[in-house]
Amino acid sequence: MLSVLLFGAGCGDPPMPPSDAEMERHFATHEAAFDGIREVIARCPYGMYYPPYDRQDTACLKGVSIADRHTLDSLLEAIACERVFYFGKAAKKEAMEKSGWNGYDTTCTSLAIPYFSHGYSTGGTSKDFVYDPGLGSNPDKHVTEHGDLNEIYRRAYNDTTLYKRIAGDWYIRLEHDN
């Protein structure tokens, strides 16, 4: 009986990602907090994410002051999100120099703030808030201004990464992997 209940519980439709309109409203309501996160992250020379996953995870704190940690904690709480992912300017520059390619602009820090995620280790769907000053001019990134990203990916239902501008250099990113 228990196995039948567990099987039935896993057979429902997956949850739907929030609509673009819902994410745009959330962003507009909390735009000052999103910009505050961007300003703090721009000061962080290293790191790839914040906050740490546990007490032993201290590598992500390199170059993040105690005051900035408190600020990020309150801003993430204000936007009801748990984490921010980024590649700090100093870390980005060091990686480019090690690779021997110095042509990438390391003056801007891009970041992603997960808002919705559902799936497994090998596939799933996520929608994030992304700040990336170079995204609009990157020919490898698909930025659309028309239609809801959920509807676009559902029509093709293939591995997809889509972007939609919210305001300035802020975007919604939908990623779907089968």
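**Entry 1. Asp-20 and its partners**

I looked up Asp-20 in this predicted model and found a salt bridge to Lys-127, with the closest N and O atoms 2.6 Å apart. Asp-20 belongs to helix H2 (residues 20-29) and Lys-127 to strand S4, so this pair ties together parts that lie 107 residues apart in sequence. I then checked exposure and noted that Asp-20 is buried, as is Lys-127.

I asked which residue of strand S5 is also paired with Asp-20. Lys-164 forms a salt bridge with Asp-20, and here the closest N and O atoms are 3.4 Å apart. Since Asp-20 sits in helix H2 and Lys-164 in strand S5, the pair ties together parts 144 residues apart in sequence. Lys-164 is buried, and so is Asp-20. I therefore recorded Asp-20, Lys-127 and Lys-164 as linked in a network of salt bridges, because side chains of opposite charge can pair when their charged atoms come close.

**Entry 2. Other salt bridges**

I searched the whole structure for salt bridges and obtained 8. One further pair that I examined is Glu-175 with Arg-173, whose side chains meet at 3.8 Å, N to O. Are these two residues buried or exposed? Arg-173 has a relative accessibility of 15% and counts as buried, because the cut-off is 20%. Glu-175, at a relative accessible area of 28%, is partly exposed.

**Entry 3. The sheet**

I traced the strand order next. The open sheet has 6 strands in the order S1-S2-S3-S4-S6-S5, with antiparallel pairing. Which strands stand at the edges? They are strand S1 (49-50) and strand S5 (160-167); each has a single partner strand, so one side of each is left without a neighbour in the sheet.

I followed the S1 edge further. S1 is joined to strand S2 (residues 84-86) by 2 bridges, and the two run antiparallel. Tyr-50 has Val-84 as its bridge partner in S2.

**Entry 4. Helices on the sheet**

I asked which strands helix H3 (residues 31-42) lies across. They are S2, S3, strand S4 (123-131), S5 and strand S6 (170-177), and H3 runs at about 105° to S3. Helix H6 (residues 149-156) also packs on the sheet, where it touches S4, S5 and S6. The direction of H6 makes about 165° with that of S5.

**Entry 5. H3 against H4**

I then turned to the packing of H3 with helix H4 (residues 66-78). The angle between them is about 155°, and their axes are 9 Å apart. H3 and H4 are therefore roughly antiparallel to each other, as the angle is over 145 degrees. I noted the crossing of H3 past H4 as left-handed.

I listed the residues that make this contact. H3 contributes Ala-33, Gly-36, Ile-37, Val-40 and Ile-41. From H4 come Asp-68, Thr-71, Leu-72, Leu-75, Leu-76 and Ala-78.

**Entry 6. Thr-109**

Last, I located Thr-109, which is found in the loop between helix H5 (89-99) and strand S3 (111-120). Is this loop residue buried or exposed? Thr-109 has a relative accessible area of 7%, under the cut-off of 20%, and therefore is buried. I also looked up its separation from Tyr-131, which is 22 residues away along the chain. The C-alpha atoms of Thr-109 and Tyr-131 are separated by 8.3 Å.

How values were computed: Residues numbered from 1 in each chain as written. Predicted model: local features only at pLDDT ≥ 70, side-chain atom pairs only at ≥ 80, totals over all residues. Heavy atoms only, no water. Helix = DSSP H or I, 4+ residues; strand = E, 2+ residues; numbered from the N terminus. Buried < 20%, exposed > 50% of the residue type's maximum accessible area, 1.4 Å probe, protein only. Pairing = 2+ DSSP bridges. Contact = heavy atoms within 4.5 Å. Axes fitted to C-alpha atoms, helices over the stretch in contact; angles between N-to-C directions. Salt bridge = Lys/Arg side-chain N within 4 Å of Asp/Glu carboxyl O. Parallel < 35°, antiparallel > 145°, perpendicular 65-115°, else oblique. Left-handed = near helix turned anticlockwise from the far one by under 90°.
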